Amino acid sequence: MTTTVRAYASPSADGDLALTTIQRRDVGPLDVMIEIEYAGICHSDIHTVQGDWGPQPYPLVPGHEIAGIVVEVGTAVTNYAVGDRVGVGCMVNSCGQCENCTAGDEQYCVNGMVGTYGVTDRDGTITQGGYSTHVVVTEDFVLRIPEGIELDAAAPLLCAGITTYSPLHRWGAGPGKKIAVIGLGGLGHMAVKIAHAMGAEVTVLSQSLKKQEDGLRLGAGHYYATSDETTFTDLANSFDLIINTVSASIDISAFLGLLTVNGALVNVGAPAEPLPVNAMALIGGRRSFAGSMIGGIAETQEMLDFCAEHGIGAEIEVIPAEKINDAYKRVLASDVRYRFVIDASTFA
Ligand code: NAP
Ligand code: ZN
């Protein structure tokens, strides 16, 4: 038995998303059914539906920044009750037993975590994401959204928030640390807010100075245009940590030159194309080039609690469902301030 719910699906790699219906499984003993109120549009949704990362099982409902209210719980659910404010991010399951799952790194499950959309779930069905009215998720992959963060501003935290919080935390962002964020989009603006709240000195490295005022308001102390070549000489050997959030391939070696000795550039941007690196840029400063993917479930809850404590939500533009295709075009044109969030009550 299943429940039919409304959703917006991509029909193919190049077709517009359109209203449709999908099936959600009945609530099992350990499941929670969530009535979705808001779903963020992540650039990963766009990469995925365009086939940047490989072929997809269309029709595909994207969306892994989900915020809503619990409307039904299974008989064995212990952590959630009807009426709770909750979220779901990029994963809906993992094996729970491998060394990474038991260490709280479910996103690196050696048996393959189950992504929120476009992958085969344990029951053999294809997962469908948050551009929808309801979703059914096992309680271990449901997050609690603290009072004090509005659900619309909370939705993007479930991916953009944790994807930036996790490397900032792991690489020691805090007082006395100089951190640069490349790209002021959905992830980038969260990186600025979170790094600032952690006490670090934050610099934005954007393509232009168009969003400078916003960047400084969000918590950056400095703002530079990467289109200006003097940026790379002025800032040489400056940063302890650089977080690259850019969705396209950029000249990583040029940015490595901005790191101090022992500095690290952590890539969270996931372009379709490779990111070539000049070994000399690493060797010449004992520098690291690393990557990071979202964060574990416990760490995601920690991030939500941190954001609530510091009064942090995403800067959002709430849109009705019929604006999804326009929003995709605007994200691709770097014309987003700073996350589109779909109002799920408009899936009519
Ligand atoms: P976004 O909102 O589109 O932001 C990306 C920003 O990168 C843009 O706003 C722009 O900032 C800059 N940019 C775009 N094209 C550029 C180009 N050709 N050259 C230089 N800069 C460019 O995207 P997002 O949702 O933040 O996602 C960013 C990337 O992270 C995507 O690749 C996404 O798939 C990936 N991602 C990874 C994870 C993970 O777990 N690692 C999780 C979520 C997303 P400026 O205008 O300021 O230059
Ligand atoms: Zn995402």
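**Domain interface and ligand site in a predicted model**

Q: In this predicted model, what distance separates the centres of domain 1 and domain 2?
A: The domain assignment gives domain 1 as 2-159 + 315-346 and domain 2 as 161-291. Taken over C-alpha atoms, their centres are separated by 28 Å.

Q: Which three residues supply 43% of the area that domain 1 buries against domain 2?
A: The contact involves 13 residues of domain 1 and 20 residues of domain 2. Between the two domains about 1,400 Å² is buried, with carbon and sulfur atoms giving 48% of this area. On the side of domain 1, the three residues that contribute more than any other three are Cys-159, Glu-315 and Tyr-338.

Q: Which residue forms a salt bridge with Glu-315?
A: Three salt bridges are counted between domain 1 and domain 2, and 13 residue pairs across the interface are in polar contact. The domain 1 side that touches domain 2 comprises six nonpolar, three polar and four charged residues. For Glu-315, the closest N and O atoms of the salt bridge are 3.2 Å apart, and the partner is Arg-217.

Q: How much of the area that ligand 1 exposes when taken alone does the protein bury?
A: Ligand 1 is surrounded by 30 residues, with His-43, Leu-184, Ser-206, Lys-211 and Arg-339 the closest. A side-chain N or O atom of His-43 lies 2.7 Å from a ligand oxygen, while backbone N or O atoms of Leu-184 and Leu-187 each lie 2.8 Å from an oxygen atom of ligand 1. Of the 920 Å² that ligand 1 exposes alone, the protein buries 88%.

Conventions:
Residues numbered from 1 in each chain as written. Chains lettered and ligands numbered in written order. Predicted model: local features only at pLDDT ≥ 70, side-chain atom pairs only at ≥ 80, totals over all residues. Heavy atoms only, no water. Domains from an automatic or database assignment. Contact = heavy atoms within 4.5 Å. Buried area = accessible area lost by both parts, 1.4 Å probe. Salt bridge = Lys/Arg side-chain N within 4 Å of Asp/Glu carboxyl O. Polar contact = N/O pair within 3.5 Å; in protein donor to acceptor, adjacent residues only side chain to side chain. Nonpolar A, V, L, I, M, F, W, Y, C, P; charged D, E, K, R; others polar. Near = heavy atom within 4 Å. Areas by Shrake-Rupley, 256 points an atom, 1.4 Å probe, with all protein chains shown as cover.
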